[in-house]
Amino acid sequence: MSLLFSIGFPTGMEGLTYPIPFSDPQNLVEIAKRAEALDYHSIWGNDHMTTQHYVRAEFPVPPRFWEPLVTYAFLAAQTTKLRFGTGVLVLPMRRDIVVTAKQIATLDHLSNGRLEIGVGVGAYREEFEALNPDAHVHRGDMVEEGVKALQLLFTQRSATFNGKYYKFKDVELFPKPKQKRLPIYIGGNNPNQLRRTAACADGWVPAGLPIETLKRMIGELREMSNAAGRKFSDLQIAPQYVVHLARTQEQAITRYRQSQMFKHFESLKKSTLKGQRELKSEDINLIGSIETVIERANAFREAGVTHFLGLFFAANSVPELLDQMQMFAEEVRPKIK
C-alpha cells in the first residue's frame, strides 16, 4: 500500500482554522487545482451547519460554511484526477440517510468515481443541539448505524433498515455509486471509533494524536480487526495533522502561534483533544523546519500511518497556504518513505 498525502480543504474552516474572509469560491477552485497540479491524492473538507460559540465571540461577521458535497460537484467539473473526501461528514446533523446516500451516489458518478466519505460525530456538540434542540441521541451510535445504513443502500437492490435512529423500507436506490466499493472512513479519537472502524469501515481518521498514543491505538485497531475477521492491511490509517514549514524551528513555531489554526487547536482542548490539554500542539503536529517535519512524518509512517489524510496547513492567507502546499510537496513529501 503506497503512502498517500492529502490536503485539508476549507469548506467549513473560516473562523475556525482560517480568518474571515478566506474561503471565497474562486479561492476554493485555486486550492483544488493547485492540489491536483502538485499531485496530492485528494482534498478533505469538513462539515459545519452553524457557527460555533467561540467563533461568534471572536469575529464581528459570520463565517461562510460551504456544504461539502455540493462544493465537490462544482470542483469535480474543473479537475480530472483529484479525489474528494469528507473529513468528516457529520451524520448526526443529516437526519435523512436515504437523501444523503442519494447525494453521495450521484456525486460519485458525476466525479467519475473520485469520492471518498469520512463520517463522524463532529467536534462541537453545540452544533448538533442547535439543529436538534429536543433530540436525545448517542451521536457515536448514530454514526455507526448510519454507516451500516449507507452500506446497505449502496449494495442491496432493495434495502430495508429498522434501526434506532434510521428507518426506511424497500428503498431501491439507483444508481449505486460508480466505485465498486466507495471508501468510508470513521473519524474520531474516541476508542469506540476503533471498534466501529474494525467492524465496518475502510479506514480510521483520528486528529492530532501524539505519536505514542497513535501507535498504541493502531495496535488496538489491528487486534480488533483480526477479531472481526478482517484484514488489517486493508484499512487506511489516515490521521489529520497541522503543517507549518519554515527554514528554522523558531520561525515555524512563531508563525504557527500567530495563525488562526493555533487558536482552533486551543479550542479543541475542550472537546476532541481534551486529553491533551498539557501538550503543545506544535510538539505533536508537523510544525517546524524542513528537517524536523521530515523526521516527524517518517516517525508517523513507521508507527503505521498509510494516509496523511488531512494535512491542514496553518496559514492566514490563501497565498501562504499555497506556498506551504508547494513547499511540503517539493521538499518534504519525497523524503517520507
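Strands, like helices, are here DSSP runs, a strand having at least two residues, and they are numbered from the N terminus. The model on display is predicted.

**Stop 1: strand β6 and Asp170**

Begin by selecting Asp170, which is found in strand β6. This residue is not a glycine, yet its phi is positive, at about 55 degrees. Is Asp170 buried or exposed? Its relative accessibility is 54%, and because exposed means over 50%, Asp170 counts as exposed. Keep β6 (167-171) displayed, as it is one of the elements against which the buried residues of α4 pack.

**Stop 2: helix α4**

Next, select residues 97-110, which form helix α4. The helix has 14 residues, and the distance from its first C-alpha to its last is 20 Å, close to the 20 Å expected at 1.5 Å a residue. Now colour Ile97, Thr100, Ala101, Ile104, Ala105, Leu107 and Asp108, the buried residues of α4. They lie on the same side of the helix, because the arc they cover around the axis is only 165 degrees. What do these buried residues pack against? Their partners are α3 (68-76), β3 (83-90), β4 (115-120), α6 (139-155) and β6 (167-171).

Then inspect the two ends of the helix. At the start of α4, select Asp96 and Val98: a side-chain oxygen of Asp96 comes to within 3.2 Å of the backbone nitrogen of Val98. Just after α4, select Asn112, which is found in the loop between α4 and β4. Asn112 is not a glycine but has a positive phi of about 60 degrees. With a relative accessibility of 54%, Asn112 counts as exposed.

**Stop 3: two cis peptide bonds**

From α4, move to strand β3 and select Val88, which lies in that strand. The peptide bond leading from Gly87 to Val88 is cis, with omega near 5 degrees. A cis peptide bond also joins Ile20 and Pro21, where omega is about 0 degrees. To find Pro21, display the loop between β1 (4-9) and α1 (25-37).

**Stop 4: strand β12 and its partners**

Select residues 307-313, strand β12, which is mostly covered: seven of its seven residues are buried. Which way do β1 and β12 run relative to each other, parallel or antiparallel? The two strands run parallel and are joined by three bridges. To see one pairing, display Ile7 together with its bridge partner in β12, Leu311. Then add residues 240-246, strand β10, which pairs with β12 in the parallel sense over four bridges. In this pairing, Val242 stands opposite Phe312 of β12.

**Stop 5: the nonpolar cores**

Finally, show side chains for Tyr40, Ile43, Phe308, Met325 and Phe328. These residues have the most contacts inside the largest nonpolar core, which has 97 residues. Helix α13 (residues 318-332) gives the most to this core, contributing eight residues.

Centre the view on Tyr40 for a closer inspection. Neighbours within four places in sequence being left aside, its contacts include Phe5, Ser6, Ile7, Leu311 and Phe313. Ala35, Leu82 and Arg333 are also among the residues in contact with Tyr40, as are Met325, Phe328 and Ala329.

Apart from the largest core lies another, of seven residues. To locate this second core, select Leu16, Phe59, Phe65 and Tyr124, which are among its members.

Key
Residues are numbered from 1 along each chain as its sequence is written. This is a predicted model: local features need pLDDT of at least 70, side-chain atom pairs count only at pLDDT 80 or more; totals for chains, interfaces and linings use all residues. Side-chain values use heavy atoms; hydrogens and water are left out. The expected span of a helix is 1.5 Å times one less than its number of residues. Buried means under 20% relative accessible area, exposed over 50%, partly exposed in between (1.4 Å probe, protein chains only). The arc is that of the directions from the helix axis to the C-beta atoms. Contact means heavy atoms within 4.5 Å. A polar contact is a pair of N or O atoms within 3.5 Å; within protein, one must be able to donate a hydrogen and the other to accept it, and residues adjacent in sequence count only if both atoms are side-chain atoms. Two strands pair if DSSP finds at least two bridges between them. A nonpolar core is a set of buried Ala, Val, Leu, Ile, Met, Phe, Trp, Tyr and Cys residues joined through side-chain atoms within 4.5 Å.
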